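Let's take a walk through a protein together, starting with the whole fold and then stopping at a pair of helices and a single residue. Keep the viewer open as you read.

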Amino acid sequence: MNRRAAGVALALLMAALGTAPPAVAAAGVRVVPLAALASREAFDTILSSAVASGDQSLLVPVGLFDDPPAMLAEMVSVARTRGLRVVAAVDVTRVAAANEWPASRDHVIYTHPEWLMVPRELALELSRLDVRSPDYAGRLARWARANAGKAMGLYLSPVHTDVAAFVAGAVRRLVERIPFDGVQFDTARYPSGDFDYSRLSLDELRREIRPGLSTDERRRLDEIETFDLLAYAKEFPDAWRRFRQTQLTALVVRARTAVKSVRPEAIVSAVVGSDPLAALSDYLQDWPTWLDNRFIDAVSVDAADVPGGVPSPALPPGR
């Protein structure tokens, strides 16, 4: 899970669940550390502390692309008997931390390296490599470790056709196994506007724009492409932003639909930047549209966006 997101404000989410007014609910959320999911004893300690403190909900980080802890379903049921709702916090686009390389060779970063986002800095370099070469993902990983301030690991690209289905399938399997009251998408975002510059994403942009160009414009772009891989992204920056933004929205919709297909009453939320314009520019998150169209039920503000790190509720639908 995005470690910064562990302290997000869940006020709006809890209000949607009907537990308390937004001003009160943020203080009633207990973030469950990963260590507490290792044993029933550890979880009982957290649960007793939450009840004693008057908390109303538990936010549980769950690896979306890994098997959940064996006793998690039982723990959720126990929490409910103590009057607590349980919300799963899952990374949607981020699939590996910069310094936590997955051990299993069945992990998506090994089975589908072509789905990984590429930073602009590596676009040309990686375009020359076979995407199936171990060096491809290796260079991405080394870049992520050296640029932790720009990206918190490796991310799946919403532009890739099969990524939305893959993520939605993982979300569906999780809520089928565990009766969560809500699901929070922690990294429904691009790391920054400087992603995804993979060869496939750039080719998809080209395919989308080229049919609408005149013969002369096509010829001009062809000439530019002979020495600049990013020709279309540079020539059509607004279209490039909208293209990626639309793909991310489609991924969110697909994941939300997966949750609702299994648990219609579950509240689906997303961690977002507090300023809608900055979130759109920095992360390509069009979260006001997500709310207006009921693509999600609520949003939670990243604590890193709040002065002093104090949680603050985001704007509700119909703001």
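**A pair of helices and a distant neighbour**

In this predicted model, helices α3 and α4 are roughly parallel to each other, because their axes cross at roughly 25 degrees and angles under 35 degrees count as roughly parallel. Helix α3 covers residues 40-52 and helix α4 covers residues 72-81, and their axes come within 11 Å. The crossing of α3 past α4 is right-handed. On the α3 side, the contact is made by Arg40, Phe43 and Leu47, while α4 brings Glu74, Met75, Val78 and Ala79. By character, these residues divide into five nonpolar and two charged, with no polar ones.

Now step back to the whole protein. Its secondary structure comes to 14 helices and eight strands. There are 319 residues, and 52% of them count as buried. The exposed surface is about 13,900 Å², with carbon and sulfur atoms supplying 50% of it. How much of the contact network joins residues at least 24 apart in sequence? Among contacts between residues at least 6 apart, the share is 75%.

For a single residue to look at, try Arg177, which sits in helix α8, residues 163-177. Arg177 is partly exposed, with a relative accessible area of 49%. Which residues does Arg177 contact, leaving aside its neighbours within four places in sequence? They are Asp67, Pro68 and Ala73. Arg177 and Ala73 are 104 residues apart in sequence, yet their C-alpha atoms are 7.0 Å apart in space.

Technical notes
Residues are numbered from 1 along each chain as its sequence is written. This is a predicted model: local features need pLDDT of at least 70, side-chain atom pairs count only at pLDDT 80 or more; totals for chains, interfaces and linings use all residues. Side-chain values use heavy atoms; hydrogens and water are left out. Helices (H or I, at least four residues) and strands (E, at least two) are DSSP runs, numbered from the N terminus. Buried means under 20% relative accessible area, exposed over 50%, partly exposed in between (1.4 Å probe, protein chains only). Contact means heavy atoms within 4.5 Å. Accessible areas come from the Shrake-Rupley method with a 1.4 Å probe; for residues, only the protein chains shown count as cover. Axes are lines fitted to C-alpha atoms, for helices over the stretch in contact, and angles run from 0 to 180 degrees between N-to-C directions. Angles under 35 degrees count as roughly parallel, over 145 as roughly antiparallel, 65 to 115 as roughly perpendicular and the rest as oblique. A crossing is left-handed if the near helix is turned anticlockwise from the far one by less than a right angle, and right-handed if clockwise. Ala, Val, Leu, Ile, Met, Phe, Trp, Tyr, Cys and Pro count as nonpolar, Asp, Glu, Lys and Arg as charged, and the others, Gly among them, as polar.
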